[in-house]
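Please look through the structure shown below before reading on. The paragraphs after it lead from individual contacts to a sheet, a helix and the meeting of two chains.

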Amino acid sequence: MIKKPFFGWGRPKLKYPVIQKHETDLIELALGKKVIVLFGKPCSDIDEGFLKVGNRVKTGQRLSLRDADDEYFISPATGTVTEISEHIGYLGVNQTSISIKTEKDEQWDDEFRNSGGTVSSETAVKFLGRLPGCSSFASFVKAAPTLDTIVIKGIDEDLLITTNQFIINSRTEALKEGIGYLRRITDAKRIILVVPPALVNKAEETGTEVKVVDPVYPQGLPEMVMKKLLDRTVPEGKTCEQMGVGFISSEAVASLADAFGQGRIPVHKIFALINKQGLCVNIKARIGTPVKDVLGFLDIHTYAGDRLVLGGPMRGKSIYSEDTPVSEDTDAIMIQDKERVILYSDTPCLNCGECVRACPANLPVNMLVRVLENGLYEEAAQEYDLLSCIECGLCAYVCVARIPVYQFIMLGKYEFEKLKSAEELNA
Amino acid sequence: MPDQKLLLGSPAPFWHNGSSIKARSYNIILASIPAVVAGIYQYGTPALGVVSLSISFAMLWELLMNLAMGRDLSIGDGNAAVIGLMFAMLIPATTPWWAVLTGTFVAVVVGKQIFGGIGCNLLNPALVAIAILMLSWEGLLNFDEALVNYDLGFYAAYPLGALKHHGVSSVGYYSPLDLLLGRQIGGIGSTFGLGLIIGGLYLMLRGHIRWEIPISFLVGIFVTSLIFNMANPDKYAGPVFHLLTGYTLIGAFFLATEDSSSPVNFVAMLLYGTMAGILTILIRNIGFFLDGTVFAILMLNVASPLLDKIRPKAMGKGVDYA
């Protein structure tokens, strides 16, 4: 944890980790006894004809729950489905958790290879909808005709994570190839690779346009990249995609090369493991590996009161069970010792202004938190720029009163969306 | 499931820079030590008594209000102690106990708790107390009267009082160096200018107060008094005298910067400080009161929510949808 410096009158300077050219260390995790896939549809949606307990699945097999053209997931391992159960995900979303007991002899599914492997948006939507590093690649491809620019993230959004930098550093060739496939799939006019200064030379080997980002948090967030590097400020309440710019991670692009190059849908994810001392190692593991197995492999023990986080220190999500699997979007697993956790409090805002100075989007956070605390979501959006928030979390990081400001803002956005859609329904 | 360990769930971010209300309060107390110790050295045990009593009473009122309102005990965060300390720094060393009791009651209960506690007060609590005492008991804050029995070894007339009653000629009795080193009478912790400046610099550098407010306050005082002085040097004292007397320095570094009653945006802070400085000199030079700092800062406290409307445009506001 980075503490406030002794002389601390300015805004916080949290630097992204920058990996050095020789750093290619990667710990590869062997396949465990069980993999779990979380699927974003409720359990009740499953048609037994498509998926039921006892089914045998092969690695890379495309599995849908109800309809062959419906959403699907890729089996990350060969084995037998042992359990299908309900799982309550983030924001109370009903998900289905599918456990697969793995087998030693791995068999690869041939459907993707036999489909001819033509590089087209149809193939990508049909088979590569969930790429490591981009679980929503299908909708990305579908939105591609409206995009004029695609930005490949060569720096990770959150702190302590170096997955994308690692890809640029060690898988430059795959990245170059992947960019070629991406160009064919999306017909993008402009593809930009955004990297920290240390990786410019490597990035230039890919032959695409390279832009350099200042490795200080939150410059790696899409909205900041848009503003600083593309000179296109995202209007409040709009997304980057609505502005014609799509963001995709380097890992997903390199995975494209693996998929088309080898005729196999990629099932491995590279992520950072941040241990209790704050040290990070890059790990390559099968998608669906439970966090428990990852911790067990590295001999890390957790105790009651510790905090387990999927994602980085600023924007991650804490999890309540070690059975939660590594998914396509898991960029990091962070373990925090209970002695080091700083808890939030319910003290009212002091009006010290730390958050206002820290905010990269110039939000009046001191006022915003007051209206949000009182549930005035519409006022927050109209008067106090709630929707301009780029969700970096710096406000809560610096808060002297330790108010969970970021959570208030996320809740405010969520509730405001609900209000808006209710209004639209009634109109 | 007994074997299942409970992990801690919480919202992001999972890092915090470690700052806290406690650290902030104790740093303010730390920064005020040079000025307070100088005051105690000058006025002896009575000053120590007043400071201790004021801090204790302030914390006691806070505790009683916490219990009465059924809220979490908040005396541990040090804010009440800071209010008590600020109040003690502003009053003379001979203040009777009942005045300290009343003053801290006004400060903590009326100034802070009835608005909802820490962060909700509209006005600086210590200044509310001083203003009420000033208006209710005329002689209480008359430093010439209160400190008449002291033989301090320097020209012991309250500088701003001398200026008001005897005109600019009396300014000659005070050298800037003497004023800076606390060789003047006044509140326990408000006369040792050097100590206040050191404390203020410490707080500014560590980020516990916003540098914009004290600097613009001092600039406001300097420029306004300079204009008055240039317009009529026979009637109005020069800027250095105003900067080093009365509550100017403690006001700049410790009172105007109180978090909850001051603005947070850059331009708003500059306006707030400058206007408080201008108003201070206006009250001193053409107003009724000897020292305008108290009312000037209170006035600007009231204006601060309005001033805070002057803020930079948020990212993405007013951008045309391309």
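A salt bridge is counted where a side-chain nitrogen of Lys or Arg lies within 4 Å of a carboxyl oxygen of Asp or Glu. This is a predicted model, in which local features need pLDDT of at least 70 and side-chain atom pairs count only at pLDDT 80 or more, while totals for chains, interfaces and linings use all residues. Residues are numbered from 1 along each chain as its sequence is written, chains are lettered from A and ligands numbered from 1 in the order in which they are written, and side-chain values use heavy atoms, with hydrogens and water left out.

Over all chains, the count comes to 27 salt bridges. One of them is formed by A:Asp258 and A:Arg171, whose closest N and O atoms are 2.7 Å apart. A:Asp258 lies in helix H8 of chain A, whereas A:Arg171 lies in the loop between helix H4 (163-170) and helix H5 (172-186) of chain A, so this salt bridge ties together parts that are 87 residues apart in sequence. Helices here are DSSP runs of H or I with at least four residues, strands are runs of E with at least two, and both are numbered from the N terminus. To describe how far a residue is covered, we call it buried under 20% relative accessible area, exposed over 50% and partly exposed in between, using a 1.4 Å probe and protein chains only. By this scale A:Asp258 is buried, with a relative accessible area of 17%, and A:Arg171 is partly exposed, with 27%. In chain B, the side chains of B:Arg284 and B:Asp291 also meet in a salt bridge, at 2.9 Å from N to O, and both of these residues are buried.

Aromatic rings offer another kind of contact. Rings of Phe, Tyr and Trp (its six-membered ring) pair if their centres lie within 6.5 Å, and planes under 30 degrees apart count as stacked, over 60 as edge-to-face and the rest as tilted. By this rule the count over all chains is 19 aromatic pairs. The rings of A:Phe112 and A:Phe260 have their centres 6.0 Å apart and their planes at 50 degrees, so the pair is tilted. This pair links distant parts of the chain, with A:Phe112 in helix H1 (residues 111-114) and A:Phe260 in helix H8 (residues 250-262) of chain A, 148 residues apart. Both A:Phe112 and A:Phe260 are buried, and ring pairs link them with A:Phe127 and A:Tyr181 into a cluster.

A charge can also face a ring, which is counted if NZ of Lys or CZ of Arg is within 6 Å of the ring centre and within 35 degrees of the ring normal. The charged end of A:Arg62 sits over the ring of A:Tyr72, 4.2 Å from its centre.

Turning to the strands of chain A, we find four that form an open sheet in the order E2-E7-E6-E3, with antiparallel pairing. Strand E2 (34-39) and strand E3 (56-57) stand at the edges, each with a single partner strand, so one side of each is left without a neighbour in the sheet. Two strands are said to pair if DSSP finds at least two bridges between them, and strands E6 (residues 79-88) and E7 (residues 94-102) of chain A pair over nine bridges. Within this pairing, A:Glu83 stands opposite A:Ser99 in E7(A).

In chain B, the buried residues of helix H7 (159-166) include B:Leu160 and B:Leu163. The buried residues of H7(B) pack against H8, helix H11 (239-244) and helix H13 (266-286) of chain B.

Finally, consider how the chains meet. With contact meaning heavy atoms within 4.5 Å, 46 residues of chain B are in contact with 81 residues of chain A. The area buried between them, which is the accessible area (1.4 Å probe) that two parts lose on being put together, summed over both, is about 5,400 Å², and carbon and sulfur atoms give 59% of it. B:Phe14, B:Trp15 and B:Met315 supply 19% of the area that chain B buries against chain A, more than any other three residues. At this interface, B:Arg206 lies over the face of A:Phe6, at 3.9 Å from the ring centre. There are also four salt bridges between the two chains, including that of B:Arg311 with A:Asp385, whose closest N and O atoms are 2.9 Å apart. B:Arg311 is partly exposed, with a relative accessible area of 27%, whereas A:Asp385 is buried, with 3%. Salt bridges that share partners join A:Glu236, A:Asp385, B:Arg311 and B:Lys317 into one network.
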